[in-house]
Amino acid sequence: QVQLVESGGGLVQAGGSLKLSCAASGRTFSIVRMDWFRQAPGKEREFVASVTWSGGATYYAGSVKGRFTISRDNAKNTVYLQMNSLKPEDTAVYYCAASAVITNPPTSWGQGTQVTVSS
């Protein structure tokens with residue numbers, strides 16, 4: 001099992017920045033891809049960004065491309081999400097997730113961290 005713990009959420013004004021962190025522990029050797037998802041009130045959880053653990057290839061949802069940057073530090077077993085030019089519609093609970101198979105959905109999830117962007 002992989003355990004994931006997110007941190008870095010908070011309240012920020014529109015146009016501001018936040019950096020989320022997700023620390024992985026447990027069977028981290030099994031991780032091949034890590035993702036960020038988010039869920040806004042009354043909405044379904046949606047994909048935000050992903051990064052492959054070995055090559056560092058990244059992929060973004062269209063709504064965040066150019067504003068958010070996902071990165072990882074393999075030595076620290078940590079993935080980050082740098083969020084710039086935040087908008088009120090970015091308000092959501094952000095979840096970190098890990099996959100053991102590159103093309104499969106995540107099998108491990110963090111508890112989530114709240115991001116609130118005020119207008």
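**Exercise 1. Decide which radius of gyration a compact globule of 119 residues would have, and how the protein compares.**

Solution. The radius of gyration is taken over C-alpha atoms, and the globule rule is 2.2 Å times the number of residues to the power 0.38. For 119 residues, the rule gives a radius near 14 Å; the protein has 13 Å, which agrees. The C-alpha trace spans about 40 × 25 × 25 Å along its principal axes.

The model is predicted: local features need pLDDT of at least 70 and side-chain atom pairs count only at pLDDT 80 or more, while totals for chains, interfaces and linings use all residues. Residues are numbered from 1 along each chain as its sequence is written, and side-chain values use heavy atoms, with hydrogens and water left out.

**Exercise 2. State how many helices and strands the protein has, then find the edges of the four-stranded open sheet.**

Solution. Step 1: helices (H or I, at least four residues) and strands (E, at least two) are DSSP runs, numbered from the N terminus. The protein has zero helices and eleven strands.

Step 2: two strands pair if DSSP finds at least two bridges between them. The four strands of the open sheet follow the order S1-S3-S8-S7, and their pairing is antiparallel. Strand S1 (2–7) and strand S7 (68–73) are at the edges, because each has a single partner strand; one side of each is left without a neighbour in the sheet.

Step 3: look at one pair. S1 and strand S3 (residues 18–26) are joined by six bridges in the antiparallel sense. Val2 is opposite Gly26 in S3.

**Exercise 3. Find which residues touch the most other members of the largest nonpolar core.**

Solution. Step 1: a nonpolar core is a set of buried Ala, Val, Leu, Ile, Met, Phe, Trp, Tyr and Cys residues joined through side-chain atoms within 4.5 Å. Buried means under 20% relative accessible area, exposed over 50%, and partly exposed in between (1.4 Å probe, protein chains only).

Step 2: the largest core has 30 residues, and Met34, Trp36, Val79, Leu81, Met83 and Tyr94 touch the most other members. Strands that each supply at least two residues of this core include S1, S3 and S7.

Step 3: take Tyr94. Contact means heavy atoms within 4.5 Å. Leaving out residues up to four places away in sequence, Tyr94 touches, among others, Trp36, Leu81 and Met83.

**Exercise 4. Is Gly15 buried or exposed?**

Solution. Gly15 lies in the loop between strand S2 (10–13) and S3. Its relative accessibility is 55%, so Gly15 counts as exposed. Gly15 touches Ser85 and Leu86, not counting residues up to four places away in sequence.
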